[in-house]
Amino acid sequence: MISDPQSTPAVFHQVNADILRVLRRPGWIYFLALSTCLLGVAWGAYCWMYQVHNGLVVTGMLHPIMWACYIATFVFWVGIAHSGTLISAILFLFRARWRASISRVSEAMTVFAIMTAGLFPLIHLGRVWYFYWLIPYPNQRQLWINFRSPLIWDVFAIGTYLVVSALFWYLGLIPDLASARDASSGLRRRIFGLCALGWSGTAMEWKHYMTAYLFFAALATPLVVSVHSVVSWDFAMTIVPGWHSTIFAPYFVAGAILSGLAMVLTLVIPARSLLHLEDYITFRHLENVAKLMILTSLIVSYSYLMEFFFAWYSENPYERGSFMERVSGPYARLFWLMIVCNSLVPLLFFIPAARRNRVMLLGASLLVNVGMWTERFVIIVVSLSHDHSVASWGRVYRPTWVEVSVLLGSLAFFLLWFLLFIRHLPAVPMSEVKEALLRKR
Amino acid sequence: MIEDLQEIKPPTSIVALLCLVVASGGVAFWLGVTNRPEHSWKVFLVNFLFWSGISISGLVFCAVFELTHARWPGPVRHIAESFAGFLPLSLLLYFILLQGVGSIYPWVVAPPPGRLLWFKLSFFTARDTVAILSLYGLGLLFLLASMRSRSRSRQTGSASLSALSVFFILAYAIAFSLLAIDMVMSLSPYWSNTLFPAYFFMGNLYGGIAAIAVTCFIWRWWTGVQGWLDDPRAHDLGKLLLAFCMLWTYLFWSQYLVIWYGNLPEEFEFLLARTRGGWRVVSWSVLTLCLAIPFVTMLRRSLKRPAPLCAIGLVTVLGVWLERFLLVVPSEGSAVSFGLEDGLITLGFFALFALGQIFFLPFVAKGATLACGEREDRATQASGEKIDFCIGR
């Protein structure tokens, strides 16, 4: 279709038609998926309310394992939020033009993942109605804020990241919203017109747009690194064995990007088939994401290796004990699952045939998602269960049905937003695809 | 103007001068080892790590260019490859360094009781020798494959060269992590830091990209051929320098913050030895040279041009060398000391590196005429005009 030797305006018109076609009335599969997600969110919300009513006693947390499933899920979702900025901002700065087709989906995923992550500090609170105590300003409550606490850094880092990611996403949408406005009628036209901010595509508008995009990309790049670094410091600043480690910041950032890229594949592979976008999101895009996964997986594996080596090298009995607990303690199966999923499965992508096989890509990305959640669980729970307090060794944490329901509810919450997004906004950036086509021709 | 790359012959006077500097460095080292063995061997170690790191980083960048299908480097790639000319000398210097291990490392006399096997001298020598030989061997294979690929069509052998690039980069990360642990961290055998090995090998790349920029400019100035470092390439190298400056700072900060916050004696000791007395000035100088100056200057487009880039590159190279000096030389309660002998040893290493680079460049640039071609210049991109960037014709 787009490879036909047509004139440029006709090809551009075809691009608009193909991508905006997705915004028409969806089929029953879409409504089924949407209903399932709504049910999942409702069940998760009910379980949370149940926990609010009965207290944290309904969870499996027990001293000293007071950070567990919820915090692991919080870190997991913050990590998922990283690939959007990687694909949109960092690859943009590197002039990797292949990013265009999947950048919109990744950016949207970033925003929804932060929104989901933001729920977990609240869910984790015993008395959620005091949640605003987390926010230091305005200070009418005369709080004595401990600015040396990484938890406060988290509030600032994640808040800033949410604002910048949302603005960056919206900025990229503006030309496409104008295209959607021009192609629609009635109320939709008015809504798209309002959101497009009167975009008319003049040379001056494009000049300002490109400048703003470049500035946002330059701003978002250090921000994305800082966010997960700050999250990692929630752990590394303590002296808990298994947590107090200088490599945590880059290790968490690499892990976050790995999980984010895996989630991009998990969402994009079914979406491109269901929305008939195979001409725009091609195997070349999926293959490049797989290559990036190899890189980040190798960094994560290097970090695992360094952690274990230095646990032995330090001669610190607590450190050595904590890592031995991971390998052979009650959570050993999870540890080995994490190694297989995060360190071994992505190595499959060294084989070109595996990178070009849809089933392999989807299967591997799902396993990496599982592996990355497990990694956070292992880091948090195993380290706490084997800390300096020898008397509490041997206690085993198991998530209750409430925690598992809330975890699944958060997945439904994330997917719900994603489903709403792909049917109401252009999922592929039309302006960037047109630019790429023009360059190709 | 130089017409053919392979005809580049360094002036005899420069070669003679460099040989003289090498000889002076050798004499100074011999005198130093006689009078202050520990200090002189440490200065030798600093230079071995620094110049070997810069040398291997040239090949690492070429491997990255290969994997990312980077088309912008052009002759910058030849310069980076020519850094490998120092690797045979580095191997020789490594075997000399092994003679001084007893003077440098406290664990030779008093090894930590819990890690006797790790700190056994024979095991130390065996693992580091295997690491260095494997890395340099893979580097040589990569270089030969890269040169061969230039004499063939682009597609032929591209997959095997990519595979070799991957193995070479992995070998670099592993080998230099081991060298960082054995040659630097073991100076304080009870100090452990999980990020330090990665910080160390990324520091090589930071110094390497700065050295590439400086060398490109020197060749441009010496041969009068602008193509060695034209404005668009200087701009790209400037951006890479800025990126590595930020990465270096991030890795430094990630270590410092966690150690400062944890405030554990076994971690802080290493930092205290490097931030007390005269070493405080050295520490601040490292931050100024490696962070403040490159960061502030490379943000400006007007300074990402050949001459300013060369100046900033020089500052960065000096900063990375000083950082290696700060990591290796201080010990508990020692004062800053850098005498004439130390300067001559350092200049001797520089002269060896320069000789290796000068004599190796015509060899690696053999396929240059095939690698050259037409490159779209950004200034003329809009009009579709193309400019010739080949420097070998």
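**Exercise 1. How many residues does the contact take from chain A, and how many from chain B?**

Before you start, keep in mind that this is a predicted model.

*Solution.* Start by counting each side: chain A puts in 30 residues and chain B puts in 38 residues. Next, put an area on it. The size of an interface is often given as the accessible area lost when the parts come together. Here, chain A and chain B bury about 2800 Å² between them, and 67% of that is on carbon and sulfur atoms. Then see who does a good share of the work on one side: T246(A), F310(A) and Y313(A) supply 25% of the area that chain A buries against chain B, more than any other three residues.

**Exercise 2. Find the salt bridge that crosses the interface of chain A and chain B, and work out which parts of chain A touch chain B.**

*Solution.* Step one: the rule finds one salt bridge across this interface. Step two: zoom in on E315(A) and R115(B), whose side chains meet in a salt bridge at 2.7 Å, N to O. A salt bridge needs its nitrogen and oxygen within 4 Å, so the 2.7 Å pair passes. Step three: look for polar contacts too, and you get 12 residue pairs across the interface. Step four: sort the chain A side by helix. α6 (150-183), α8 (203-236), α9 (248-274) and α10 (283-313) of chain A each supply at least two residues. With eight residues, α10(A) gives the most. Step five: sort that side by residue type, which gives 19 nonpolar, six polar and five charged.

**Exercise 3. Describe chain B as a whole, using its helices and strands and its buried share.**

*Solution.* First, the elements: chain B has 14 helices and two strands. Second, the burial: 58% of its 393 residues count as buried. Third, the surface: about 16400 Å² of chain B is accessible, with 69% of it belonging to carbon and sulfur atoms. Last, the contacts: take those in chain B between residues at least 6 apart in sequence, and 81% of them join residues at least 24 apart.

**Exercise 4. Is D182(B) buried or exposed, and which side chain does it join in a polar contact?**

*Solution.* Locate D182(B) first: you'll find it in helix α7 (residues 158-184) of chain B. Its relative accessible area is 1%, so D182(B) is buried, the cut-off being under 20%. Now check its partner: the side chains of D182(B) and R127(B) are joined by a polar contact of 2.6 Å. Finally, list what surrounds it. Leaving aside neighbours within four places in sequence, D182(B) is in contact with Y105(B), W118(B), F124(B), R127(B) and D128(B).

Technical notes
Residues are numbered from 1 along each chain as its sequence is written. Chains are lettered from A and ligands numbered from 1 in the order in which they are written. This is a predicted model: local features need pLDDT of at least 70, side-chain atom pairs count only at pLDDT 80 or more; totals for chains, interfaces and linings use all residues. Side-chain values use heavy atoms; hydrogens and water are left out. Helices (H or I, at least four residues) and strands (E, at least two) are DSSP runs, numbered from the N terminus. Buried means under 20% relative accessible area, exposed over 50%, partly exposed in between (1.4 Å probe, protein chains only). Contact means heavy atoms within 4.5 Å. Accessible areas come from the Shrake-Rupley method with a 1.4 Å probe; for residues, only the protein chains shown count as cover. Buried area is the accessible area (1.4 Å probe) that two parts lose on being put together, summed over both. A polar contact is a pair of N or O atoms within 3.5 Å; within protein, one must be able to donate a hydrogen and the other to accept it, and residues adjacent in sequence count only if both atoms are side-chain atoms. Ala, Val, Leu, Ile, Met, Phe, Trp, Tyr, Cys and Pro count as nonpolar, Asp, Glu, Lys and Arg as charged, and the others, Gly among them, as polar.
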